[in-house]
Amino acid sequence: MEKKAVNKIEIEGVGKSFDIKGKSVEVLKSIDLDIRKGEFLTIVGASGCGKSTLLRLIAGLDTPTVGEVRVDGKPVAAPSVKTGIIFQEARLFPWLSVEKNIEFGIHEKLDKEEKRAKVAALIDTIGLNGFEKALPKQLSGGMQQRVNIARALINEPDILLLDEPFGALDALTRINMQNEVLKIWSDRKTTMVLITHDIDEAIFLSDRVVILSDKPGVISRQITVPMSKPRDRSNGDFMRIRRFIYNEFFENSDIDYVEYYI
């Protein structure tokens, strides 16, 4: 008998509305989504479709208007150290060094040597050896985001939520950071949920891509990416999935869909 997949995150009948100037505005509607343990899932959609709102609900930073979000079968009622979150801005303390910024995230009661060992291991993981004493202003944008990732990983979370973490980076740094995150996922098998506007990024990283429609956000399509990792962005299967997702966005749009080949 086949063993049933274990769901790490369950989103059932979730809707979210905000009161804006006395008027209720529906941002998310009827979201049903199961995310398996160890899965890398990406959510894509137009600006304002509720992607970041959904991530905040999973993180426990906000609560649904209707429906329920569960982690390990338990309703999410508040933020947890077992769920790390990374935003687009690094949000580092400018007066603290790299190692002190990472150490700040530790919630366990550890002695100095234990803290030092955990921080050193993560600095090695993110490839910033030699920059332990550097301040954020002395780092590039990509290096700052590496520190941000390390701080999110310091408590060894079961879930890592990434809200457009590479959006402000140049193209080459962005690709390097995608590879770093993929390596972390491969080594740790952490359940990851990524929000992005970058369709190539979604296909490169994900086991599954979820497309949210706009106003209010509903799940319009879920696409499994069956290719092994790491992936070749010029591969025919990669390009076919890319074309399919683009068509999902533009087939009912006034925007002309154009496929570029390099």
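**Exercise 1.** How much area does the chain expose, and what share of it do carbon and sulfur atoms supply?

*Solution.* Start with what you're looking at: this is a predicted model, where local features need pLDDT of at least 70, side-chain atom pairs count only at pLDDT 80 or more, and totals for chains, interfaces and linings use all residues. Residues are numbered from 1 along each chain as its sequence is written, and side-chain values use heavy atoms, leaving out hydrogens and water. Now the area, by the Shrake-Rupley method with a 1.4 Å probe: the chain exposes about 14,000 Å², and carbon and sulfur atoms supply 51% of that.

**Exercise 2.** Work out how the chain is built and whether it is as compact as a globular protein of its length.

*Solution.* First, count the elements, which are DSSP runs numbered from the N terminus (helices: H or I, at least four residues; strands: E, at least two). You get seven helices and ten strands. Next, the radius of gyration, taken over C-alpha atoms, is 19 Å. The globule rule (2.2 Å times the number of residues to the power 0.38) gives 18 Å for 262 residues, so the chain is as compact as a globular protein of that length.

**Exercise 3.** Take helix H1, residues 51-59, and decide how enclosed it is.

*Solution.* Buried means under 20% relative accessible area (1.4 Å probe, protein chains only). Go along the helix and you'll find Lys51, Thr53, Leu54, Leu55, Leu57, Ile58 and Ala59 buried. That's seven of nine residues, so H1 is largely enclosed by the rest of the structure. Finally, step just past H1: Gly60 takes a positive phi of about 80°.

Definitions and conventions. Buried < 20%, exposed > 50% of the residue type's maximum accessible area, 1.4 Å probe, protein only.
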